[in-house]
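Student: I would like to learn how to read a model like this one, feature by feature. Where do we start?

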Amino acid sequence: METNPRTLAPGLNLLSATITSQRSIVFYQTLVLLITFSAYAAFHASRKPPSIVKSVLGPDVQSGDTELDRNSSSINTGWAPFDGRHGPHRLGELDLAFLSAYSIGMYFAGHIGDRIDLRLFLSFGMFASGISTVVFGLAYWWKIHTLGFFLLVQIVSGLFQSTGWPCVVSVVGNWFGKSKRGLIMGIWSSHTSVGNMLGSVIASSVLAFGWGWSFVLPGILLIFVGLVVFLFLIATPEDAGFESPVNDVEMRSEAEYVVASEEFKREEEGLLQSGSPGSSAAIGFLEAWRLPGVAPYAFCLFFSKLVAYTFLYWLPFYIRHTDVAGVHLSHETAGMLSTIFDVGGVFGGISAGYISDRIEARAVTSILFLIFSVPALILYRTYGSISMYSTTGLMFLSGLLVTGPYSLITTAVAADLGTQSLIKGNSRALATVTAIIDGTGSVGAALGPLLTGYISTTGWNSVFLMLIVAILLAILFLIRLARAEINSNLSEGKWFWERMPVR
């Protein structure tokens, strides 16, 4: 095994000069998982402050109210321009600015990520995102009350944040084959929930000292982890002298089951004929869209992420404006309590990945989680305010079921589709496919919080109705893929009841 010192990360180059022992591929895989986990957890920690400070920036309610009172006498002063009767609208527009820039940037980030050094691209995005997060917080001390300033900072932050996901999924996909990918990425994808929890705790704990600190500290954390990425991340096994495992095809992508005819196969293979086995040539944007399974999962994620990001950006605000056992919680307590949803998300991502590996059916797993999330949301809205126990229990369950398919699609499914046999193991397509799926999902993520900002002023029942409709639409896009998975697994006798002895 020979490593190329020009492609090896600077920190590992330094260690190689002082430590002469050989390192196994397991060492590098573990290092990659830890670094990419920390990187995206830091990204999400820096996205959480807007949801935590919403209840401080926007209008407040008097004790005893259960909805946003439309009478002006109940509205207290927040932080201009987010205070007053239309405060929730402005806060929703702030979310839209960030997530719209994020979704647009995602398409370009994936295209660029397939063509340049992922380590440099990711660390650059982390440095720039961290700085923009800090700048948003500095508005507290600079006494800025101009909506244009906040919108501009959010747009810039969204563009730089879009570099993160295509990069980390591509790096992990480069190092791991498809075998057990669902479980590995299910555990790894808990970085989203861990980052949300970390961001909530940091932002809530310093909120009493001024809302600016809720942005500054997560921004500094993101810059620090970006430095770790620059020093130690290795983007591909080849950089460390190993062969790539992405040609492992122990488990076929479910998308390959729905190629309806040999004619369609020949059409796609002709489209991608330039990619020979082991090819490292990047795939085109439109070519990636035409890969089997990419479009259905992308549009499913549009609605699934709409639901997940509505909770991400509005849950603390909802908790603050909805009494629990007849008592309104403080800003800090509401922020801390919202982490229960993310705790459920950790278990949701892991369980969805494990189940999809066991039954070899990503679409079926996603649909099951989405179906059960509908009654979970109804129960949370109806009975969540009875007591603290009901709030935490139903919030945990909602987080598990909502986050499960979202995590599965953005990790294992994206990696499967980006390395499917149709493109002959071309791992350079992975960032583009990942960007298409998550970028499309991010459009939904931008729409959900915006609509919530407007709809919440008429009552939270309407918001939950919007979320349930979005879940049902997400299910529709996966029905065809799920049916193909079921037929394929039954015909091959893969499911355990097909292998049970007949008595």
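Tutor: With contacts. Contact means heavy atoms within 4.5 Å. Keep in mind that this is a predicted model.

Student: Which residues does Tyr 140 touch, not counting residues up to four places away in sequence?

Tutor: Tyr 140 touches Trp 79, Phe 209, Gly 210, Trp 211 and Gly 212. Tyr 140 itself sits in helix α5. Its C-alpha atom is 8.6 Å from that of Trp 213, and the two are 73 residues apart along the chain.

Student: Take Gln 29 next. Where is Gln 29 found, and which residues does it touch?

Tutor: Gln 29 is in helix α2. Leaving out residues up to four places away in sequence, it touches Trp 175 and Phe 176. Its C-alpha atom and that of Asn 174 are separated by 9.9 Å, with their positions 145 residues apart along the chain.

Student: Is Gln 29 buried or exposed?

Tutor: The cut-off for buried is under 20% relative accessible area. Gln 29 has 16%, so it is buried.

Student: Now the whole chain. How many helices and strands does the secondary structure come to?

Tutor: There are 19 helices and 0 strands. The chain has 503 residues, and 58% of them count as buried. About 19,300 Å² is exposed, with carbon and sulfur atoms supplying 66% of that area.

Student: What share of the contacts comes from residues 24 or more positions apart?

Tutor: Take the contacts with a separation of 6 or more. Residues 24 or more positions apart account for 82% of them.

Student: How do I check the length of a helix? Take α6.

Tutor: Compare the expected span with the end-to-end distance. Helix α6 covers residues 147–161, which is 15 residues; at 1.5 Å a residue it should span 21 Å, and its end C-alpha atoms are 21 Å apart, so the two agree.

Student: Which residues of α6 are buried?

Tutor: Phe 150, Val 153, Gln 154, Ser 157, Gly 158 and Gln 161 are the buried residues of α6. They cover an arc of only 135° around the axis, so they lie on the same side of α6.

Student: What do the buried residues of α6 pack against?

Tutor: Their partners are the helices α2 (25–47), α3 (49–57), α4 (87–113), α5 (118–142), α7 (164–175) and α10 (213–232).

Student: Try the length check on α15. How far does α15 reach?

Tutor: From first C-alpha to last, α15 (residues 339–359) reaches 30 Å. That is close to the 30 Å expected for its 21 residues at 1.5 Å a residue. Its buried residues include Gly 344, Gly 345, Gly 348, Gly 349 and Gly 353. Just after α15, Glu 360 takes a positive phi of about 50°.

Student: Which other backbone features should I look at?

Tutor: Look at loops, for cis peptides and positive phi. The peptide bond from Ala 80 to Pro 81 is cis, with omega near 10°. Pro 81 lies in the loop between α3 and α4. Lys 143 is not a glycine, yet its phi is positive, near 55°. It lies in the loop between α5 and α6. With a relative accessible area of 55%, Lys 143 is exposed. Ala 325 has a positive phi of about 55°, and it sits in the loop between α13 (294–320) and α14 (331–337).

Student: How many salt bridges does a search of the whole structure find?

Tutor: It finds 3. Asp 95 pairs with Lys 54, their closest N and O atoms being 2.9 Å apart. That pair links distant parts of the chain: Asp 95 is in helix α4 and Lys 54 in helix α3, 41 residues apart. Asp 95 and Lys 54 are both buried.

Student: And the others?

Tutor: Glu 93 and Arg 90 meet at 2.7 Å, N to O. They are 3 residues apart in helix α4, so about one helical turn separates them. Asp 357 and Arg 362 meet at 3.0 Å. Asp 357 counts as buried because its relative accessibility is 12%. Arg 362 is buried too, at 0%.

Student: Last, the surface. Which residues form a nonpolar patch?

Tutor: Phe 299, Leu 465, Val 469, Leu 473, Leu 476, Phe 477 and Ile 479 form it, with about 590 Å² of accessible area together. Helix α19 (residues 460–492) gives the largest share, 6 residues. Leu 473 lies in that helix. At 31% relative accessibility, Leu 473 counts as partly exposed.

How values were computed:
Residues numbered from 1 in each chain as written. Predicted model: local features only at pLDDT ≥ 70, side-chain atom pairs only at ≥ 80, totals over all residues. Heavy atoms only, no water. Patch = residues over 30% accessible without salt bridge, like charges linked within 9 Å, V, L, I, M, F, W, Y side chains within 5 Å. Areas by Shrake-Rupley, 256 points an atom, 1.4 Å probe, with all protein chains shown as cover. Salt bridge = Lys/Arg side-chain N within 4 Å of Asp/Glu carboxyl O. Helix = DSSP H or I, 4+ residues; strand = E, 2+ residues; numbered from the N terminus. Buried < 20%, exposed > 50% of the residue type's maximum accessible area, 1.4 Å probe, protein only. Expected span 1.5 Å × (residues − 1). Arc of directions from axis to C-beta.
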